[in-house]
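Thanks for coming. I will go through one structure today, and I will begin with a single side chain before moving outward.

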Amino acid sequence: MRKLVLILLLIPVLSIAQNRRKKDYLVSLNTSYGTMRIVLYDQTPKHKENFIKLVNQKFYDSLLFHRIIPLFMIQGGDPNSRKAQDDQPLGNGDVGYKIPAEFVPALFHKKGALSAARDNNPEKASSGCQFYIVQGRVWDDAGLQKQIDRIQTMKGHVPTDEQKQVYKTLGGAPHLDGNYTVFGEVIDGLAIVDSVAKQPRNEMDRPEKNVRMTMTGDWVKKKKITKQYHYQYVGVRRDDTRD
């Protein structure tokens with residue numbers, strides 16, 4: 001009887017786990033230039049859990065993209081930006097904690113990569129809230145080799161041949177690999193990254209006209225995400241994307 005009770009208790013837990021495995025948390029990042037859809041990587045669980053928590057708390061709503069550098073990245077998530085004056089320096093706001101680095105060589109700074117900002121702490125731990133989205137640029141062989149030399153100097157991750165090809169076609173910011181945690185990617189709305197990155201900016205790289213954001217998130221079937229956004233999950237069993 002005791003074994004039967006334990007089995008009955010486990011059934012709801014297993015059911016929840018199976019449903020969650022078939023779904024993923026799809027983030028909608030809204031700006032005046034349009035909406036980006038973002039997935040968060042399971043390979044970086046600490047960053048994924050934290051970002052989901054902040055999105056659910058509406059933490060990012062009305063914050064600014066406070067730093068933009070064309071052909072590099074757009075950065076946001078500073079809580080001080082919510083009510084910042086036009087001439088106020090931004091980038092130092094936080095939530096009082098850091099997230100341990102989660103460097104995964106398979107996750108790299110291609111265009112659209114969602115990555116965690118950080119200060120110069122020796123552990124390379126991430127900010128608890130600030131993030132950037134890579135715009136980057138397309139690299140030729142000579143330029144990419146210079147980036148690889150820079151990576152080696154910074155003791156980062158040298159891109160694989162497949163990743164090099166992505167940097168030479170889609171583009172990105174390879175010198176950051178292995179030094180900043182990549183924990184998600186834009187799967188729809190990449191053009192919005194370009195729109196934000198090209199806005200006029202001041203000497204602090206802050207857009208002259210405020211670019212505010214809101215975020216929402218929903219658990220969506222992976223099969224639907226794959227079908228609608230042509231996003232291919234890596235290492236997911238076929239059964240996990242069935243209805």
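Which residue's side chain does the side chain of Gln199 meet in a polar contact of 3.1 Å? The partner is Tyr33. Before I go on, please keep in mind that this is a predicted model.

Let me stay with Gln199. Gln199 sits in the loop between α5, residues 190-197, and β10, residues 214-221. The side chain of Gln199 also reaches the backbone oxygen of Ser195, at 2.7 Å. Leaving out residues up to four places away in sequence, Gln199 touches Tyr33 and Ile68. Is this loop residue buried or exposed? Gln199 counts as buried because its relative accessibility is 18%, and the cut-off for buried is under 20%. From Gln199 to Asn210 is 11 residues in sequence, and the C-alpha atoms of the two are 9.8 Å apart in space.

Now the chain as a whole. The protein chain has 243 residues, and 45% of them count as buried. There are 6 helices and 10 strands. Among contacts with a separation of 6 or more, 72% are between residues 24 or more positions apart.

Next, the strands, starting with β1 and β2. Strand β1 covers residues 23-31, strand β2 covers residues 34-40, and the two run antiparallel, joined by 6 bridges. They form a hairpin with 2 residues between them. Thr31 has Gly34 of β2 as its bridge partner. Tyr33, the polar partner of Gln199, comes just ahead of β2, which starts at residue 34.

Strand β2 also pairs with β9, residues 182-188, through 4 bridges, again antiparallel. In that pairing Leu40 stands opposite Gly184 of β9.

The other contact of Gln199, Ile68, takes us to β3. Strand β3 is residues 65-69, and 4 of its 5 residues are buried. It pairs with β4, residues 73-76, in the antiparallel sense over 4 bridges. Ile68 stands opposite Ile74 in β4. These two strands form a hairpin as well, with 3 residues between them, and Leu71 in the turn has a positive phi of about 65°.

That brings up backbone angles. Most residues other than glycine have a negative phi. Lys58 is another case with a positive value, about 65°, although it is not a glycine. Lys58 is in the loop between α2 and β3, and at 43% relative accessibility Lys58 counts as partly exposed. Lys155 has a positive phi too, near 60°. It belongs to the loop between α3, residues 141-153, and α4, residues 161-169. Is Lys155 buried or exposed? With a relative accessibility of 72%, Lys155 counts as exposed.

Now to the interior. Rolling a probe the size of a water molecule over the atoms shows where empty space is left. How many cavities of 30 Å³ or more does the structure hold? The count is 2.

The largest cavity contains about 60 Å³ of space. Its lining is made up of His47, Asn50, Phe51, Tyr60, Ile99, Ala116, Ser127, Gly128, Cys129, Gln130, Phe131 and Phe183. By class these are 7 nonpolar and 5 polar residues, with no charged ones. Which element gives the largest share of that lining? Helix α2 does, with 3 residues.

One of the lining residues is Asn50, and I will look at Asn50 a little longer. Asn50 lies in helix α2, which spans residues 45-56. Asn50 counts as buried because its relative accessibility is 10%. Not counting residues up to four places away in sequence, Asn50 touches Tyr97, Ile99 and Gly128. Ile99 and Gly128 also appear in the lining of the largest cavity.

The second largest cavity holds about 40 Å³ of space. Lining this one are Glu102, Phe103, Val104, Leu107, His157, Gly178, Tyr180, Thr181 and Val182. What classes do they fall into? There are 5 nonpolar, 3 polar and 1 charged residues. Val182 in this lining is also where strand β9 begins, since β9 is residues 182-188, and Phe183 of the largest cavity's lining falls within that strand too.

To close, back to where I began: Gln199 is a buried loop residue whose side chain joins that of Tyr33 and reaches the backbone of Ser195. That is what I have; I will take comments now.

Key. Residues are numbered from 1 along each chain as its sequence is written. This is a predicted model: local features need pLDDT of at least 70, side-chain atom pairs count only at pLDDT 80 or more; totals for chains, interfaces and linings use all residues. Side-chain values use heavy atoms; hydrogens and water are left out. Buried means under 20% relative accessible area, exposed over 50%, partly exposed in between (1.4 Å probe, protein chains only). Contact means heavy atoms within 4.5 Å. A polar contact is a pair of N or O atoms within 3.5 Å; within protein, one must be able to donate a hydrogen and the other to accept it, and residues adjacent in sequence count only if both atoms are side-chain atoms. On a 1 Å grid over the protein atoms alone, a cavity is a set of points where a 1.4 Å probe fits but cannot get out, and a pocket is an open set with protein on both sides within 12 Å along at least five of seven lines; lining residues have an atom within 4 Å of a point. Grid points are joined across faces, edges and corners, and a volume is the space filled by probe spheres set on the points. Ala, Val, Leu, Ile, Met, Phe, Trp, Tyr, Cys and Pro count as nonpolar, Asp, Glu, Lys and Arg as charged, and the others, Gly among them, as polar. Two strands pair if DSSP finds at least two bridges between them.
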